[in-house]
Amino acid sequence: MKRSSPPRAPLWRCSNCARRFANRNQNHFCNRRNRRDLERHFDGKSPGVRALFESLVVLLQSFGPVKVLPEKSRIAFQVRMSFAAVSVRQRYLVGHFVFSRRVEHPRFLRVETYSARNHLHAFRLDSLADLDTEFADWAREAYDVGRQMHLVRLKSAVR
């Protein structure tokens, strides 16, 4: 079954840092990101945590194009909008997905609801085993939020 196309409104571009956003004047931390900024997140960290991060990136990229955006205190993942982010600790990653629904599950450290279609689900990754099928299913759901597919479904339901 063919998936619906996401909305195609042009992305707004910050005139200071050139980052693109689905929402005009999106609040963000301006930073001209580059490879060196990404490397700073791993300074002094275990090699295992870097391998875990790279495996997470491969998983996310298996769904389609993903922008990896190093920021001051986290690394965000974006399609049209940010759908996940991680912060690097010495031996593990802490992060979150954004879902359009609330999911209660013991693997989520906390769930924060910001609006009816904006729920942050915090997680911790300690090893490659944590990137299992269940986690991949959640990653796919978050990726679709990043594509704004939840808005396509919402518009279809209203019609």
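This is a short walk through the aromatic pairs of this structure and a few of its buried polar residues. Please keep in mind throughout that we are looking at a predicted model.

Let me begin with the aromatic rings, where a search of the whole structure finds 10 pairs. Take Phe42 and Phe53: their ring centres are 5.1 Å apart and their planes stand at 55°, so this pair is tilted. The two partners come from distant parts of the chain, 11 residues apart, with Phe42 in the loop between α1 (35–40) and α2 (47–61) and Phe53 in helix α2. Phe42 has a relative accessibility of 8% and therefore counts as buried, and Phe53, at 1%, counts as buried too.

The next pair is Phe97 with Phe123, whose planes are at 40° and whose centres are 4.8 Å apart, so that this pair is also tilted. Here the link runs between two strands, since Phe97 belongs to β6 (residues 93–99) and Phe123 to β8 (residues 118–125), and the two residues are 26 apart in sequence. Both of them are buried, and both belong to one aromatic cluster, which they form together with Phe99, Phe108, Phe135 and Trp138.

Two of the rings in this model also have a charge over them. Coming back to Phe42, the charged end of Arg50 sits over its ring, 4.3 Å from the centre. In the other case, the charged end of Arg124 sits over the ring of Tyr92, and the distance to the ring centre is 3.5 Å.

Arg50 and Phe53 both bring us to α2, where they are among the buried residues. The others buried in this helix are Val49, Leu52, Leu56, Val57, Leu59 and Leu60. As a general point, an α-helix has 3.6 residues a turn, so residues three or four places apart point the same way. As for its length, α2 has 15 residues and reaches 21 Å from its first C-alpha to its last, which is close to the 21 Å expected at 1.5 Å a residue.

Which residues does His41, in the loop between α1 and α2, contact beyond its neighbours within four places in sequence? They are Pro70, Glu71, Lys72, Ser73, Arg74, Ile75 and Val88. Within that set, the side chain of His41 reaches the backbone oxygen of Glu71 at 2.9 Å. With 10% relative accessibility against a cut-off of 20%, His41 counts as buried.

Ser73 and Arg74 appear again when we turn to Ser87, which is placed in strand β5 (residues 82–88) and counts as buried at 14% relative accessibility. Leaving out residues up to four places away in sequence, Ser87 touches Ser73, Arg74, Tyr92, Leu93 and Val94. A polar atom of the Ser87 side chain lies 3.0 Å from the backbone oxygen of Ser73, while the C-alpha atoms of Ser87 and Arg74 are 4.5 Å apart in space, although 13 residues separate them in sequence. Tyr92, another of these contacts, is the residue whose ring lies under the charged end of Arg124.

I will finish with a backbone feature. Most residues other than glycine have a negative phi. Gln148, however, has a positive phi, near 65°. This residue is placed in the loop between α3 (133–146) and α4 (149–158), and its relative accessible area is 9%, so Gln148 is buried.

Methods: Residues numbered from 1 in each chain as written. Predicted model: local features only at pLDDT ≥ 70, side-chain atom pairs only at ≥ 80, totals over all residues. Heavy atoms only, no water. Phe/Tyr/Trp six-rings, centres within 6.5 Å; stacked < 30°, edge-to-face > 60°. Helix = DSSP H or I, 4+ residues; strand = E, 2+ residues; numbered from the N terminus. Buried < 20%, exposed > 50% of the residue type's maximum accessible area, 1.4 Å probe, protein only. Lys NZ or Arg CZ within 6 Å of the ring centre and 35° of its normal. Expected span 1.5 Å × (residues − 1). Contact = heavy atoms within 4.5 Å. Polar contact = N/O pair within 3.5 Å; in protein donor to acceptor, adjacent residues only side chain to side chain.
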